[in-house]
Amino acid sequence: MIIVIKRGATAESVQCFTALLEKQGIKVHLSEGASQMVLGLVGDTTGIQEKSLLAHHLVEKVIRVQEPYKRANRLFHPDDTRIAVRGLDGETRYIGAGYLGIIAGPCSVETKEQIISVAQSVKQAGAGFLRGGAFKPRTSPYSFQGLGGEGLDLLIEAKRVTGLPIVTELMAIHQLELFDTVDIIQVGARNMQNFTLLKELGSCRKPILLKRGYAATITELLMAAEYIMAGGNDRIILCERGIRTFESYTRNTLDLSAVPILKKQSHLPVIVDPSHATGLSWMVPAMAKAAIAAGADGLILEVHPNPEEALCDGEQSITPDRFAELMKTLQRYAAVEGRILYEESHETP
Ligand code: PEP
Ligand code: MN
């Protein structure tokens, strides 16, 4: 249930009203928009009479929310959510609400030279974040599983050298103790409905990059976000990374229509992963551009200095040069739409 508060209401009067509702066992989520306040009610609201709420002098409108996700719902939070992350270089990067967040780096961290050289080149080209897998969810137990803790240390070293915030996947909750210096925690497609993991991340204070499961509906993705938000962590970035269809030319089928749907239904930022969606490096720039045109708040891209020798996902990784070229094009796209891709200071000299 949503209560739209009348314009001009004081914070104190809304606080008193909130306390009154909470006495009835209801959790109240306050969203302060640019011009109006909205109260989101979660819990069993069946006993609450709309008519009696409307009788209150602060109430302008009462809306019953049909969707099963509440905190992730745009009705609860009409303004776009913007995630801010500060790098060790002192610069703050944003994703959402007009800011495009570009996360780039290899599928997996392989060596110190590899991760540092990619980090330097993607930063130079304007990326806001460095990605790199240390714990890898591989389909085959015989494939490279990632360097684990050692990979994480190398990623942290790249963060120290470049100042870029880092994004890496958490596969199991016991790994969390190693993630202190990780800036954004990735929940992979295979773990999107690992509810134990999602619940634990609800009490974590770091932003979560939540990837859509390859057989998950848009509502299921939003319900996964709701799990994390119900625990108190509302810094979530949703990611469309392709779903499984009958098409076999591409690794997955990029469901770009998920972007406007998610943006309509939710206030959370939405990014796209054209690397895993297509599985083919030559298609990545085209789909990256399409994603931004569709309204995505950013991208996560696999970039490798030598894709042919990559230990994981080389066929879908673009080179640093190709990435830099793509960033120049995206900068022009962003300017046309009045969105911010990166500040001028990041531009390649
Ligand atoms: C990844 O980002 O490296 C990854 C494994 O992605 P996904 O979970 O989308 O397959
Ligand atoms: Mn990968």
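**Sheet, metal site and pockets**

In β4, Val59 is the bridge partner of Ile5. The model is a predicted one. Strand β1, residues 2-5, runs antiparallel to β4, and four bridges join the two. Both strands belong to an open sheet of four strands. The order across that sheet is β2-β3-β1-β4, with antiparallel pairing. The edges are taken by β2 (27-32) and β4 (59-63). Each edge strand has a single partner, so one side of each is left without a neighbour in the sheet. From one strand to the next, the twist averages 20°. Strands of a sheet pair through backbone hydrogen bonds, in either a parallel or an antiparallel manner.

The manganese ion (ligand 2) has donors from four side chains: Cys107 through SG, His276 through NE2, Glu302 through OE and Asp313 through OD. The coordination distances run from 2.0 to 2.4 Å. Along the sequence, the donor residues follow the spacing C-x168-H-x25-E-x10-D. Cys107 and Glu302 link distant parts of the chain, 195 residues apart. Cys107 lies in the loop between β7 and α3 (112-125). Glu302 lies in strand β14, residues 298-302. Cys107 has a relative accessibility of 2% and therefore counts as buried, the cut-off being under 20%. Glu302 is also buried, because its relative accessible area is 0%.

Pockets were examined next. Rolling a probe the size of a water molecule over the atoms shows where empty space is left. The largest pocket has a volume of about 230 Å³. Its lining comprises 19 residues. Closest to the centre are Pro137, Arg190, Arg251, His276 and Asp313. Two of these names, His276 and Asp313, also appear among the donors of the manganese ion (ligand 2). The lining of the largest pocket divides into nine charged, six polar and four nonpolar residues.

The second largest pocket has a volume of about 190 Å³. This pocket is lined by 17 residues, and those closest to its centre are Thr92, Arg93, Tyr94, Leu341 and Tyr342. Two elements, β6 (92-95) and β7 (101-105), give two or more residues to the lining. β6 gives the most, with three residues. Nine nonpolar, five polar and three charged residues make up the lining of the second largest pocket.

Terms used:
Residues numbered from 1 in each chain as written. Chains lettered and ligands numbered in written order. Predicted model: local features only at pLDDT ≥ 70, side-chain atom pairs only at ≥ 80, totals over all residues. Heavy atoms only, no water. 1 Å grid on protein atoms, 1.4 Å probe; cavity = no way out; pocket = protein on both sides within 12 Å on 5 of 7 lines; lining within 4 Å. Points joined across faces, edges and corners; volume = space filled by probe spheres on them. Nonpolar A, V, L, I, M, F, W, Y, C, P; charged D, E, K, R; others polar. Donors = N, O, S within 2.8 Å, 3.2 Å for Na, K, Ca; no water. Buried < 20%, exposed > 50% of the residue type's maximum accessible area, 1.4 Å probe, protein only. Pairing = 2+ DSSP bridges. Axes fitted to C-alpha atoms, helices over the stretch in contact; angles between N-to-C directions.
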